[in-house]
Amino acid sequence: MTTFDQPSKIKNLFICCLCPPRVLRLWTCRRPRTKRNLLVGTACVIYLGFLVSQVGHVLPQHKGGHQKISSRSLQDAAQTPFLGIPLDGTLSPPNFQEPQRGSNGTLLPPNVVYITLRSKRSKPANIRGTVKPKRRKKHTNPLSYGQHFPQAAFIGQGEAFAQQPGRATHTTGAMGAAIALEARKHQLDEHRHKGMATRERGHRRPGGISGAIKAQPQPEESNIRIYSESSPSWLSKEDILNMRMLADSRITNIQEVPSHKAVLVVFAKGPSTTGTACNQGYCGIIKRPLDMSEVFAFHLDRILGLNRSLPSVSRRSEFFQDGQACPVILWDSSLSPTDNSTHSSVRLTWGRYQQLLKQKCWQNGKVPKAEWGCTEIHHHEWSKMALFDFLLQIYNRLDRNCCGFKPLKEDSCMQQGLKLKCSDQDAVDLTHIVQRRHDRRHLAFIDNKGFFDRNEDNLDFKILQGINEFPESAVSVLRSQRLREKLLQSLFLDKIYWESQGGRKGIEKLIDVIERRSKILLTYINAHGAKVLPMNE
């Protein structure tokens with residue numbers, strides 16, 4: 001509101017500014033009544049005229065107030081606080097009369113400024129390309145191997161695994177069909193495995209574990225998963241077939257093996273008698289969950305190019321350890337018989353073993369002399385075994401009494417009191433030195449229980465004593481810095497083992513231990529000037 005909008009201020013301004021001092025004196029001095037009245041009337045007329053002129057200027061400004069609204073007045077109105085306005089955006093504007101229209105027919109804007117508050121967004125905006133889409137679960141029944149593949153792909157197959165009506169047939173020779181089946185593995189859900197365990201629990205036999213198994217469901221999907229077009233190059237087709245048999249085949253008979261603290265199982269599709277089935281390769285050894293490192297050892301052996309350990313997988317069964325994951329190792333009937341004390345096909349002591357390393361028996365095709373006391377085992381086999389045992393810290397073969405490190409209370413040497421017998425180490429027997437009947441030159445690595453809890457400052461370097469040569473295939477893998485990648489790819493095939501170790505996070509911890517030991521081994525090779533030779537004779 002302007003100054004001219006207030007009549008009282010106009011009156012005071014008129015009296016103070018327009019009246020000269022002479023008029024004021026006439027107003028206050030004593031004059032006749034007629035002259036005083038004349039002065040008052042004149043002043044009133046002048047005042048009324050001035051007032052009318054000011055009112056004429058003020059009224060047009062208020063009429064045109066709807067048309068002239070400055071930007072500053074809008075800012076002032078926007079900055080004016082409004083009390084009592086809710087923050088949820090539910091305030092509705094009051095009902096005003098219909099807005100007036102100007103002379104040209106356009107709507108005149110109201111002389112009111114509204115402030116609208118947006119309500120808080122409950123969920124963030126879904127920006128395209130930043131949110132991972134949900135994978136739909138497709139519940140489809142797995143197709144049998146012969147539905148979408150030509151019959152010619154199955155000609156010349158070997159023995160097949162157990163087959164049940166309405167389920168997939170696990171064959172031992174159809175690698176192309178197996179790869180196609182694995183491409184659909186991601187469509188199957190975890191509840192199938194739980195359902196299989198529930199049905200298997202219903203068929204559990206009370207009492208002992210020896211005898212025939214009358215009923216046992218076969219898993220609907222293989223626990224050996226291959227999502228790529230082919231399996232890893234370090235695993236042969238025979239390895240894949242043996243792994244599938246150990247992981248998926250139905251068990252028909254079980255027998256205890258007290259000397260090995262394990263259970264001998266017979267898989268389906270083999271001969272009725274246990275001896276004949278095992279001779280044809282349809283048997284396996286199920287060990288304790290504490291021996292799960294044998295599965296890791298099998299994959300490490302293949303990646304390093306040693307190819308001396310037996311195929312091993314993880315398997316869950318209600319018949320053993322209340323459904324815990326246990327290692328299952330292939331029963332190889334081609335292994336030479338062993339004695340009960342050292343579990344070896346050839347008996348050696350530590351002192352004699354060191355003499356054999358110096359003689360380098362059978363190296364470069366040279367026939368050793370009789371006075372050297374050589375065995376039928378090739379010299380390169382000891383180098384492969386030493387490298388393999390050092391990475392996994394397997395001390396049972398070469399350091400049975402734990403003389404090369406500080407053992408824990410849980411180690412077998414401490415439980416059997418062998419740690420106290422390190423004074424005469426040359427007389428200590430080596431254990432688990434096994435050959436094959438048809439191939440006496442090479443060793444077969446059995447009982448490959450490794451230890452991942454051994455600190456770097458407490459490694460057993462006695463395993464490497466007397467070894468001056470190492471296999472080139474294994475050392476090249478350790479130097480290539482691709483050991484972790486290959487172990488992850490290989491161990492991922494075994495679904496049960498992968499899950500039992502806590503997934504990738506748990507597997508990475510085990511690989512960290514092996515990588516640290518491999519660096520120590522490479523430093524040892526350089527420091528001692530050991531040779532790296534091709535040993536693929």
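Valine 434 is in contact with Leu335, Ser336, Thr338, His343, Ser345, His442, Leu443, Ala444 and Ile446, leaving aside its neighbours within four places in sequence. The model is predicted. Valine 434 lies in strand 7, residues 434-435, and is buried, with a relative accessible area of 2%. The points below cover this residue, the packing of helix 9 against helix 11, the largest nonpolar core, and two residues, leucine 392 and serine 518.

**Valine 434**
- Isoleucine 446, one of the contacts of valine 434, is 12 residues away along the chain, and the two C-alpha atoms are separated by 7.6 Å.
- At a relative accessible area of 2%, valine 434 falls under the 20% limit and therefore counts as buried.

**Helix 9 and helix 11**
- Helix 9 spans residues 293-303 and helix 11 spans residues 379-392; their axes are 11 Å apart and make an angle of about 135 degrees.
- The two helices are therefore oblique to each other, an angle over 145 degrees being needed to count as roughly antiparallel.
- The crossing of helix 9 and helix 11 is right-handed.
- On the helix 9 side the contact is made by Phe296, Ala297, Leu300 and Asp301, and on the helix 11 side by Phe388, Leu391 and Leu392.
- By class, this contact has six nonpolar, no polar and one charged residues.

**Surroundings of helix 9**
- 11 of the 11 residues of helix 9 are buried, so the helix is largely enclosed by the rest of the structure.
- The buried residues of helix 9 include the charged residues Glu294, Asp301 and Arg302.
- Glycine 305, just after helix 9, takes a positive phi of about 75 degrees.

**Largest nonpolar core**
- The largest nonpolar core has 90 residues, of which Phe296, Leu304, Trp382, Leu392, Phe470 and Leu521 touch the most other members.
- Helix 16, residues 503-528, gives the most to this core, with nine residues.

**Leucine 392 and serine 518**
- Not counting residues up to four places away in sequence, leucine 392 touches Phe296, Ala297, Leu300, Gly450, Phe451, Phe452, Ile514 and Arg517.
- Phe296, Ala297 and Leu300 among these belong to the helix 9 side of the contact with helix 11.
- Serine 518 is found in helix 16 and is buried, with a relative accessible area of 5%.
- Leaving aside its neighbours within four places in sequence, serine 518 is in contact with Leu391 and Leu478; Leu391 is also one of the helix 11 residues that meet helix 9.

How values were computed:
Residues are numbered from 1 along each chain as its sequence is written. This is a predicted model: local features need pLDDT of at least 70, side-chain atom pairs count only at pLDDT 80 or more; totals for chains, interfaces and linings use all residues. Side-chain values use heavy atoms; hydrogens and water are left out. Axes are lines fitted to C-alpha atoms, for helices over the stretch in contact, and angles run from 0 to 180 degrees between N-to-C directions. Helices (H or I, at least four residues) and strands (E, at least two) are DSSP runs, numbered from the N terminus. Angles under 35 degrees count as roughly parallel, over 145 as roughly antiparallel, 65 to 115 as roughly perpendicular and the rest as oblique. A crossing is left-handed if the near helix is turned anticlockwise from the far one by less than a right angle, and right-handed if clockwise. Contact means heavy atoms within 4.5 Å. Buried means under 20% relative accessible area, exposed over 50%, partly exposed in between (1.4 Å probe, protein chains only). A nonpolar core is a set of buried Ala, Val, Leu, Ile, Met, Phe, Trp, Tyr and Cys residues joined through side-chain atoms within 4.5 Å.
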